[in-house]
Amino acid sequence: MRRLIIVVSFLIQAYPAIDCLLNVDLLIYGLRPAVMLESIPLSGPGFDVGIEEINRDYSDVLRIKHTYISDENHDLSECDDTSAHFDKISNYYYGSLQNHSEVLLILMHLGCTETRVFAQLSREWNILAVSGGLTYSTLRDMNFYPSTLATGPVQLQLYSVMFEKICGTFEWTNVGFAYDTSGVLPWPGMMHDIFTSNGAVRSGRILLQMFAIAPKPDLPDLLNRISYVSRVIFMSGTPILIRKLMIAAWKQNMTSSEYVSL
């Protein structure tokens, strides 16, 4: 919904005095399985309601039509798949979309890591693109990608700073980190690298206990192993996995004030 507000603000600023109805075709590209909050099944209802309200409130100057570019055959089931299936956007642009000159086309990438192919399509077609994925290279460089708006976090290092400040504030010196190794999302592996390279961890000021979560984990056993070494646990994984983990923790009475889960 935040990205939709950004798009509408752009339209109002860019076309302040249009004397005819502005037709906008919003192509929303993302994952179909609900493996992350930005997945189409979880974020799509927000777009549906938001666009309905926008079309109602700005009916005299603006009309937005949105299309979800994904897959019916589950080709887009993990973040790595998004970079391999941009032909779905190209097929829509060159095949299904007619009268390019009469429609303002906007691309929107909901999540995962950044991909420069997405920004290159935006530059080639001279249309606005909004990238919601993690941004860590040149995606914000206007010389390379003048028509791409990157809304994701700027630096992964921010998470390392946050981790160290939280531990310092509460004087935690022995913490656990449970991370998903299924490969569905890139974040857990990235967070593993960030935490293990943290200065406080490398110097020994914070003892970080690592717990890899297998693709088909035994969650009660995992929680037992965690409880032997720490009462503070950082977690990184899909929303579904984290929910299952917290339900298992509740069943084992590990959601009391004796434990902290982040």
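This report covers the overall fold, the main nonpolar core, the cavities and a few single residues of one protein chain.

The model is predicted: local features need pLDDT of at least 70, side-chain atom pairs count only at pLDDT 80 or more, and totals for chains, interfaces and linings use all residues. Residues are numbered from 1 along each chain as its sequence is written, and side-chain values use heavy atoms, with hydrogens and water left out.

## Overall

The protein chain holds 10 helices and nine strands. Both are DSSP runs numbered from the N terminus: helices are H or I with at least four residues, strands are E with at least two. Of the 262 residues in the chain, 46% are buried. Buried means under 20% relative accessible area, exposed means over 50%, and partly exposed lies in between (1.4 Å probe, protein chains only). Contact means heavy atoms within 4.5 Å. Among contacts between residues at least 6 apart in sequence, 63% join residues at least 24 apart.

## The largest nonpolar core

In soluble globular proteins, nonpolar side chains tend to be buried together. Here the largest nonpolar core has 16 residues, and Phe163, Val175, Phe195 and Phe234 have the most contacts inside it. Such a core is a set of buried Ala, Val, Leu, Ile, Met, Phe, Trp, Tyr and Cys residues joined through side-chain atoms within 4.5 Å. At least two core residues come from each of helix H6 (157–169), strand S6 (174–180), helix H7 (187–196), helix H8 (199–203) and strand S8 (232–236).

What does Val175 touch, leaving aside its neighbours within four places in sequence? Its contacts are Phe163, Cys167, Ile206, Leu207, Leu208, Gln209, Ser230, Val232 and Phe234.

## Cavities

The structure holds two cavities of 30 Å³ or more. The largest has a volume of about 100 Å³. A cavity is a set of points, on a 1 Å grid over the protein atoms alone, where a 1.4 Å probe fits but cannot get out; lining residues have an atom within 4 Å of a point. Grid points are joined across faces, edges and corners, and the volume is the space filled by probe spheres set on the points.

The largest cavity is lined by 13 residues; Leu223, Ile233, Ala249, Met254 and Ser261 lie nearest its centre. Helix H9 (219–227), S8, helix H10 (239–251) and strand S9 (260–261) each give two or more residues to this lining. H10 supplies the largest share, three residues. By class, the lining has 10 nonpolar residues, two polar and one charged. Ala, Val, Leu, Ile, Met, Phe, Trp, Tyr, Cys and Pro count as nonpolar, Asp, Glu, Lys and Arg as charged, and the others, Gly among them, as polar.

## Helix H5 and single residues

In helix H5 (residues 116–125), Phe118, Ala119, Leu121, Ser122 and Trp125 are buried. They sit on the same side of H5, because they cover an arc of only 155 degrees around the axis. That arc is taken from the directions from the helix axis to the C-beta atoms.

Two asparagines have positive phi:

| Residue | Phi | Loop | Relative accessibility |
|---|---|---|---|
| Asn126 | about 60 degrees | between H5 and strand S4 (128–131) | 66%, exposed |
| Asn253 | about 55 degrees | between H10 and S9 | 56%, exposed |

Asn126 follows H5. Neither Asn126 nor Asn253 is a glycine.

Leu26 lies in strand S1 (residues 22–29). Leu26 counts as buried because its relative accessibility is 1%. Leu26 and Ile64 are 38 residues apart in sequence, with 7.0 Å from C-alpha to C-alpha.

Notes:
1 Å grid on protein atoms, 1.4 Å probe; cavity = no way out; pocket = protein on both sides within 12 Å on 5 of 7 lines; lining within 4 Å.
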